[in-house]
Amino acid sequence: MVNEETLEADVLYVGAGPATLASAIRLSKLAKSAGRTLNIALIEKAKSAGVHQLSGAVMDPSSFRDVLSDLGVEDPNLGTRVGDDHFYFLSSTQAFKLPFTPPSLRNHGNYIISLSELTAWLAQKAEQQGIDIFFGFPGQEILFEGDRVAGVKTGNKGIGRDGNRKSNYEPGVKIRAKVTVFGEGVRGSLTKVLVSRLGLDEGRRAQVYATGLKEIWKVLPEKHTLGCVMHTMGFPLGSSTFGGGFIYHAKNGLVYLGLVVGLDYEDPTLDLHGTFSRFKQHPIVRHLLEGGEMIRYGAKAIPEGGYYSMPRYWGDGFVIVGDGASFLNSCRLKGIHLAMKSGQLAAEAIFNAIEKNDCSQTMLSRYRDLVEGGSVKHELWGVRNFHQGFQSGLWGGLIQFSLQILSGGRGLFENPKIVEDHLHLGKVQDDIKGRWQHEKIVFDDKITFTKTTDVFRSGTIHHEDQPVHLHVSDTEICRTKCAQEFGNPCERFCPANVYEMVEKEPGRRELQINASNCVHCKTCDIKDPYGIITWVTPEGGGGPDYTGM
Ligand code: SF4
């Protein structure tokens with residue numbers, strides 16, 4: 001019998017991303033300034049700092065400067081200052097450069113960074129401040145005392161695929177804390193449980209998402225323009241699907257290239273990875289990539305709902321920071337600075353609550369007051385109806401967006417109804433406007449790659465002998481209803497070839513889950529039309545390796 005261990009902390013952070021690390025650093029500084037010692041612990045499912053962190057990423061450096069000030073250190077020069085900004089409309093063969101860049105996409109003063117690199121740097125600094133970071137420890141279960149969050153239990157290790165304990169079995173650890181900070185990133189598995197159990201989204205609009213697919217390329221030197229930022233709209237998405245492309249020329253001759261696709265798309269035959277491949281086949285993109293080498297691949301969901309979709313992000317014994325609470329400006333394609341800022345403000349509220357020896361919902365509501373009373377609310381309020389405006393398609397969205405700029409964010413409609421992404425999915429038989437044309441893509445292994453090759457470049461590794469971490473509650477639905485109605489869209493919305501319908505016996509196709517391919521993007525948890533897929537944390541240490549992404 002192996003006993004469960006229980007640890008105590010003053011504050012427990014779940015997830016090591018920019019929001020939690022900036023928060024822990026601010027909290028540590030506040031404690032030191034007050035001559036107090038706080039026991040701050042942080043658990044992270046990845047094997048080391050930053051390896052699960054993926055973003056575009058062009059960063060607004062405002063909150064990072066606050067971190068530097070908290071630490072009293074110089075700017076480590078992690079990024080490349082943005083030089084030129086370009087915005088293109090793509091048809092299938094042409095690229096039309098807009099004579100101006102929309103104000104929200106102007107990046108003067110911002111930096112092209114690797115989020116993974118930034119996170120690793122923040123984690124190193126946090127550890128130097130005495131913050132304990134436990135890598136390879138996913139949060140598996142929230143410890144509740146009534147409706148109060150009392151901490152988190154980490155995942156067990158050494159459980160086989162059959163559910164039995166292996167020789168290396170280690171039970172999870174219960175970590176009890178006065179305040180638990182959920183910073184699991186987008187669609188966090190514990191945050192999802194928390195929101196649902198406590199009704200934190202009551203009276204709020206549904207959260208909606210996009211998925212971003214990204215590659216890093218080493219391009220030919222003559223094609224590289226350090227600091228150049230380019231955004232695109234149009235091809236390959238058409239006018240009824242929200243999203244666009246990005247190309248950022250980073251340091252060391254690297255180009256960060258990606259496509260973001262709104263998950264409120266209707267066409268069940270749309271293939272996210274295939275769409276990204278088409279983007280790379282566009283002449284302007286192909287020209288950039290020819291002669292270069294693809295180095296890394298990754299994918300990640302992005303919260304798009306904005307201000308009206310934010311759940312209540314504080315409660316008895318807990319706060320939520322970063323993407324998990326929708327601190328992201330989808331109009332600017334920026335979330336890192338808001339994630340860090342949310343963490344810093346949360347730290348101030350937490351420190352105040354601990355000082356008063358009262359970590360109740362009432363006391364932690366100071367976090368909301370700080371958010372509402374400052375720059376975060378100001379920024380999110382100005383774009384509060386942005387994504388909703390595009391529900392009527394690209395052209396309607398652009399008109400609404402123009403009106404929102406003129407009316408301080410209101411546009412034609414204030415807080416219009418918005419429904420969850422999976423409810424937008426049409427049936428295979430439906431006559432869907434702008435249907436994805438299923439011209440088979442031939443992957444040339446030079447510009448376009450199969451999902452298998454891309455997953456290999458994501459560095460993803462999971463132990464094969466562990467329980468499947470994609471829980472499908474009724475696989476009979478996959479074989480019958482879903483096959484008929486939606487044509488098993490999981491095979492196409494998963495960018496990592498995790499879901500495959502395979503013929504196990506003549507005439508009988510069944511779902512096969514290649515869980516070890518999973519790049520932790522969370523798209524399946526969001527877009528599955530029947531709501532039967534639940535993503536849970538796999539054994540600690542597994543997953544993608546986004547070093548440098
Ligand atoms: Fe993303 Fe789900 Fe596929 Fe994993 S299984 S890569 S979370 S869509």
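Let's start at the ligand: 13 residues surround it, and the closest are Cys494, Cys518, Cys521, Lys522 and Cys524. A residue counts as near when one of its heavy atoms lies within 4 Å. This is a predicted model, where local features need pLDDT of at least 70 and side-chain atom pairs count only at pLDDT 80 or more, while totals for chains, interfaces and linings use all residues. Residues are numbered from 1 along each chain as its sequence is written, and side-chain values use heavy atoms, with hydrogens and water left out.

What kinds of residues make up the shell around the ligand? Eleven are nonpolar, one is polar and one is charged; Ala, Val, Leu, Ile, Met, Phe, Trp, Tyr, Cys and Pro count as nonpolar, Asp, Glu, Lys and Arg as charged, and the others, Gly among them, as polar.

Now for the cysteines. Cysteine 518, one of the closest residues to the ligand, is buried, with a relative accessible area of 7% (buried means under 20%, exposed over 50%, partly exposed in between, using a 1.4 Å probe and protein chains only). Cysteine 478 is buried too, also at 7%.

How many disulfides turn up in the whole structure? Zero, taking a disulfide as a pair of cysteine sulfur atoms within 2.5 Å. For cysteine 478, the closest cysteine sulfur belongs to cysteine 490 and is 6.2 Å away, so it is too far for a bond.

Finally, look at helix α5, residues 272–281 (helices are DSSP runs of H or I, at least four residues, numbered from the N terminus). Nine of its ten residues are buried, so the helix is largely enclosed by the rest of the structure. Among them are Leu272, Phe276 and Phe279. At the start of α5, a side-chain oxygen of aspartate 271 comes to within 3.0 Å of the backbone nitrogen of histidine 273.

Key: Helices (H or I, at least four residues) and strands (E, at least two) are DSSP runs, numbered from the N terminus. A polar contact is a pair of N or O atoms within 3.5 Å; within protein, one must be able to donate a hydrogen and the other to accept it, and residues adjacent in sequence count only if both atoms are side-chain atoms.
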